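Look at the open spaces in this model. What lines them, and which parts of the chain supply the walls?

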Amino acid sequence: MLAALICVGVVQANVRPLLADIAAQDSDQRAATGDLLGAIQTGERAVALWPKEPVHRQTLSWAYLQQALSGPGDPLPWLLQAEAELDAARSLQPGDYRTWIALGELYGTWGTRWDPSRLPLAHNAYRQAAALAPNHAMVYTAWGLLEMTEGRPAQAAASFRRAVDLDATDGYAFAHLGGAELALGHVQEALAAFEQAVHWQPDLGHAYVGLARCNWHLGRRIEARQALEQALQLDPGNMAADALRQEMGLGP
């Protein structure tokens, strides 16, 4: 009897984490396709199967946040559940910088969309993430995005510069840096950032829009049109590209 119980315990200890991983992957896939309620259901299953894994709680929190953003009704219950999962993840592994980034994103979204009193919590979370992982570019990219949303392009540009200093191949961070520099009126600096963005991430449509706008401001009409054409090839429905096309007098 004792041997059988030990055998069952061993099986449970090995099978449950595996099933939890499968459920968490399913949750990510469902969220990517817009099936948020399905993502929540499978995310909750992952946490129930293996509650000691912080990553599963991060995954579930993300699904709750997306439901708050897109679902009808009061977002507060979803936001509170997202917060609870990240609080649990932080308790399980306080040194996991990914949980702090997730908290920054949660509180940043919460603060900019519904309750500004949450914004200091977002900045504190990013500050803690940076202290735990000072050499991870994604910390500064995420922080910069919040600063841009708050209408602080100078602070955002500094964060994005830190990100590209840490990872000079991050096309997304370069594109965000270009947007911040352009918002500051630094056209040449923005142009250089957008050029790096499309070099490292050639399928990044909005970076080509930025590149086109910079070239247009600098009087480089041919280069501007070429970049705009590339943006529209990558994303024919890009509203920013269409607006710039109108501004450049290229017609519908």
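The report below takes two pockets in turn and then sets them side by side.

The model is predicted.

**Largest pocket**

The largest pocket holds about 350 Å³ of space. Its lining counts 15 residues. Trp62, Arg98, Ile101, Ala102 and Glu105 lie nearest the centre of this pocket. Three helices each give at least two lining residues: H3 (54–70), H5 (97–113) and H7 (137–149). H3 supplies the largest share, 6 residues. By residue class, the lining of the largest pocket splits into 9 nonpolar, 4 polar and 2 charged.

**Second largest pocket**

The second largest pocket holds about 210 Å³. Gly104, Glu105, Gly108, Thr109 and Thr112 are among its lining residues. Tyr126 also lines this pocket, as do Ala142, Leu145, Leu146 and Thr149. H5 and H7 each contribute at least two residues here. H5 gives the most, with 5 residues. The lining of the second largest pocket divides into 4 nonpolar, 5 polar and 1 charged.

**Side by side**

| Pocket | Volume | Top helix in lining | Lining classes |
|---|---|---|---|
| Largest | about 350 Å³ | H3, 6 residues | 9 nonpolar, 4 polar, 2 charged |
| Second largest | about 210 Å³ | H5, 5 residues | 4 nonpolar, 5 polar, 1 charged |

**Shared elements**

Glu105 lies among the residues nearest the centre of the largest pocket, and Glu105 also lines the second largest pocket. H5 and H7 each supply at least two lining residues to the largest pocket, and each does so for the second largest pocket as well.

Terms used: Residues numbered from 1 in each chain as written. Predicted model: local features only at pLDDT ≥ 70, side-chain atom pairs only at ≥ 80, totals over all residues. Heavy atoms only, no water. 1 Å grid on protein atoms, 1.4 Å probe; cavity = no way out; pocket = protein on both sides within 12 Å on 5 of 7 lines; lining within 4 Å. Points joined across faces, edges and corners; volume = space filled by probe spheres on them. Nonpolar A, V, L, I, M, F, W, Y, C, P; charged D, E, K, R; others polar.
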